[in-house]
2 protein chains.
Amino acid sequence: MAMTPIENAAEGLPKRVKIVEVGVRDGLQNEKVQVATAVKIALINRLTNAGIQSIEVGSFVSPKWVPQMADTAEVVRGLPVKPGVAYSVLVPNMRGLEQALETGCREVAVFAAASEAFSQKNINCSIAESLARFGPVIEAAQKAGVNVRGYVSCVMNCPFTGDVPAEKVAEVAGALYAMGCYEISLGDTTGAGGPLATRRMIDACARQVPVTALAGHFHDTYGMALANIYASLESGVTAFDSSVAGLGGCPYSPGATGNVATEDVVYLMQQLRIETGLDLPLLVEAGNYISTYLERPANSRIAKVLSAKQSPTITGAASSQAV
Amino acid sequence: MAMTPIENAAEGLPKRVKIVEVGVRDGLQNEKVQVATAVKIALINRLTNAGIQSIEVGSFVSPKWVPQMADTAEVVRGLPVKPGVAYSVLVPNMRGLEQALETGCREVAVFAAASEAFSQKNINCSIAESLARFGPVIEAAQKAGVNVRGYVSCVMNCPFTGDVPAEKVAEVAGALYAMGCYEISLGDTTGAGGPLATRRMIDACARQVPVTALAGHFHDTYGMALANIYASLESGVTAFDSSVAGLGGCPYSPGATGNVATEDVVYLMQQLRIETGLDLPLLVEAGNYISTYLERPANSRIAKVLSAKQSPTITGAASSQAV
């Protein structure tokens, strides 16, 4: 068996990664509750105080489809001015970009799928049509000096058609990059993919896009997210999307998690001696803030461990014959 | 950056692993409820029907300390006879071994710690004293033709003293192996260790014990278990302990998980194309059986996903602009 020596494994991992916080957008848009604008802004403040430098704050999509994001313009206008922090909004089309530009956004994101069936169901057009639609959007954004991030969804698995070929993901990622996206976020929408598929998918994408321009966006529905992130690090990925307090949940599963929790990703990075620039206790506080508002416990392992440690029952930790 | 090519990573992983089910012992001993003997036996039956071939069924320790295991002799007498299935019981000392032999057990397990503080608090003696005590126990077991498995706890982290050196773990693992244990299970008792510490610890142990005689025993309290298992596979480990339905919980944390769930480990192995010989739907059924008895949902991601998929709300899966 050809094993990887630990020394090489440690050397092979990046020294520093960027965390892109998506809880305020990808998280809250999947919550049933409409979160007040002031609460969103207060949450963003707490997150940037914890060191977050890249954060999605909303999307200019039809409020008919995503009512949770209807206040995006207000959120953007209320954003704290913090040097070095990049705020981003999702735009589905030219009309969305226009709204973003009018509101003064400096970064936008466009989103395509690697599965035809998902593309049709999610954004009502084929993959090719969506890419054709984004071309002028990206061009107009660049003319306005606005950075564009690209998302690819269903990078391992489609909820309608199952396994998605890595080559298809690489093709869509490569197209978005060629059109001018500075970073391509690769989303395991169902959360069903594992570390081996992750490495195959990342390695295929890295043949079309520099690996330093790829980001991993993992959902923890099947518990695979941290193992997939570890596998992505082995493939050289240095950016990851995550959601404070695991905001978002799974759209069809009460109690199941959706986006991997930012706190858990940061804990993993600490264990791997990889710098994130983030303050874990402040992140946990930010997660507790929004979770209290949503009237539920924060959906991250680290928040649960910390809250258990603060409870008086910790003295029972060393039960007899524990292994 | 020295990256590991995916081809080598895939080649470097084992083709088949053994899953040791510890839910009936390590899991149920941490439950507040005293589970009826007949229910334990019915659970064991369901687990072996799902393909489990190695299973811990109880421990001969003082019922004063672990009342949940007081019926171990009855459980052992009621075990289904299934070819190829190894049932094991934990024995803390010669008295425990005698009970095991009287009851007709064919496999026992002994347990030491890699942390002095934990050894003192958990079994009231130093590591050296515990090893000295196990010497005659292992010898007597072998004379009776009974296999002995060794446990080492606190292999990365001690709840009382923090980080545990990999060399200390290797020393204890090596001592147990030299005394005659056929397999050494390495337990991350707190669940706080990450993949890098896992690889360092496994690699240190593999210098004292053949890697094929090592097993990973991970708790998922910090969400690290599956990433640690993936890292262990990269170091060549081919046996893992886990607990159906995540039985056990964390002794000091209501709601937090303790042992990693067998269902989730098997799902990970399926994703890695690694054979376990287990039937995942039957395992989930076994987990649901005991969880129903304990009046709570099964604490595995896979059970949660499956139960959500059976709910009528699945039609809401494709929310607009999901990424």
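**Exercise 1. Aromatic pairs**

How many aromatic pairs does a search of the whole structure find over all chains? Describe the pair formed by Tyr230(A) and Tyr230(B), and state where its two residues lie.

*Solution.* The model is a predicted one. Step 1: the search, run over all chains, gives seven aromatic pairs. Step 2: a pair of aromatic rings is described by the distance of the centres and the angle of the planes. For Tyr230(A) and Tyr230(B), the centres are 5.9 Å apart and the planes make 85 degrees. Step 3: planes over 60 degrees apart count as edge-to-face, and the pair of Tyr230(A) and Tyr230(B) is accordingly edge-to-face. Step 4: the pair joins two chains, because Tyr230(A) belongs to helix α10 of chain A and Tyr230(B) to helix α10 (residues 225-234) of chain B. Step 5: both Tyr230(A) and Tyr230(B) are buried.

**Exercise 2. Two helices of chain A**

Determine how helix α9 and helix α10 of chain A pack, and which residues make the contact.

*Solution.* Step 1: locate the elements; α9(A) covers residues 195-205 and α10(A) covers residues 225-234. Step 2: their axes lie 8 Å apart at an angle of about 35 degrees. Step 3: the crossing of α9(A) past α10(A) is right-handed. Step 4: α9(A) contributes Pro195(A), Thr198(A), Arg199(A) and Ile202(A) to the contact, while α10(A) contributes Ala227(A), Asn228(A), Ala231(A), Ser232(A) and Glu234(A). Step 5: sorted by class, the residues of this contact are four nonpolar, three polar and two charged.

**Exercise 3. The surroundings of Gly150(A)**

Find the element that holds Gly150(A), and decide whether this residue is buried or exposed.

*Solution.* Step 1: Gly150(A) is part of strand β5 (residues 147-153) of chain A. Step 2: Gly150(A) counts as buried because its relative accessibility is 0%, and buried means under 20%. Step 3: beyond its neighbours within four places in sequence, Gly150(A) touches Val110(A), Leu176(A), Cys181(A), Glu183(A), Ile184(A) and Ser185(A). Step 4: one of these, Ser185(A), is 35 residues from Gly150(A) in sequence, with 6.1 Å between their C-alpha atoms.

**Exercise 4. Two residues with positive phi**

Compare the settings of Cys154(A) and Arg273(A).

*Solution.* Step 1: most residues other than glycine have a negative phi. Cys154(A) is not a glycine, yet its phi is positive, about 55 degrees; Arg273(A), also not a glycine, has a positive phi of about 60 degrees. Step 2: Cys154(A) sits in the loop between β5 and β6 (157-158) of chain A, and Arg273(A) in the loop between α11 (262-271) and α12 (280-293) of chain A. Step 3: Cys154(A) is buried at a relative accessible area of 0%, whereas Arg273(A), at 58% relative accessibility, is exposed.

**Exercise 5. Asn228(B) and its contacts**

Which residues does Asn228(B) contact, leaving aside its neighbours within four places in sequence?

*Solution.* Step 1: Asn228(B) is placed in helix α10 of chain B. Step 2: with a relative accessible area of 0%, Asn228(B) is buried. Step 3: the contacts are Met156(B), Asp188(B), Gly193(B), Gly194(B), Pro195(B), Thr198(B) and Phe218(B).

**Exercise 6. Charges over rings**

Identify the ring over which the charged end of Arg149(A) sits, and likewise for Lys121(B).

*Solution.* Step 1: the charged end of Arg149(A) is placed over the ring of Tyr151(A), 5.5 Å from its centre. Step 2: for Lys121(B), the ring is that of Phe160(B), and the distance to its centre is 4.9 Å.

Notes: Residues numbered from 1 in each chain as written. Chains lettered and ligands numbered in written order. Predicted model: local features only at pLDDT ≥ 70, side-chain atom pairs only at ≥ 80, totals over all residues. Heavy atoms only, no water. Axes fitted to C-alpha atoms, helices over the stretch in contact; angles between N-to-C directions. Helix = DSSP H or I, 4+ residues; strand = E, 2+ residues; numbered from the N terminus. Left-handed = near helix turned anticlockwise from the far one by under 90°. Contact = heavy atoms within 4.5 Å. Nonpolar A, V, L, I, M, F, W, Y, C, P; charged D, E, K, R; others polar. Phe/Tyr/Trp six-rings, centres within 6.5 Å; stacked < 30°, edge-to-face > 60°. Buried < 20%, exposed > 50% of the residue type's maximum accessible area, 1.4 Å probe, protein only. Lys NZ or Arg CZ within 6 Å of the ring centre and 35° of its normal.
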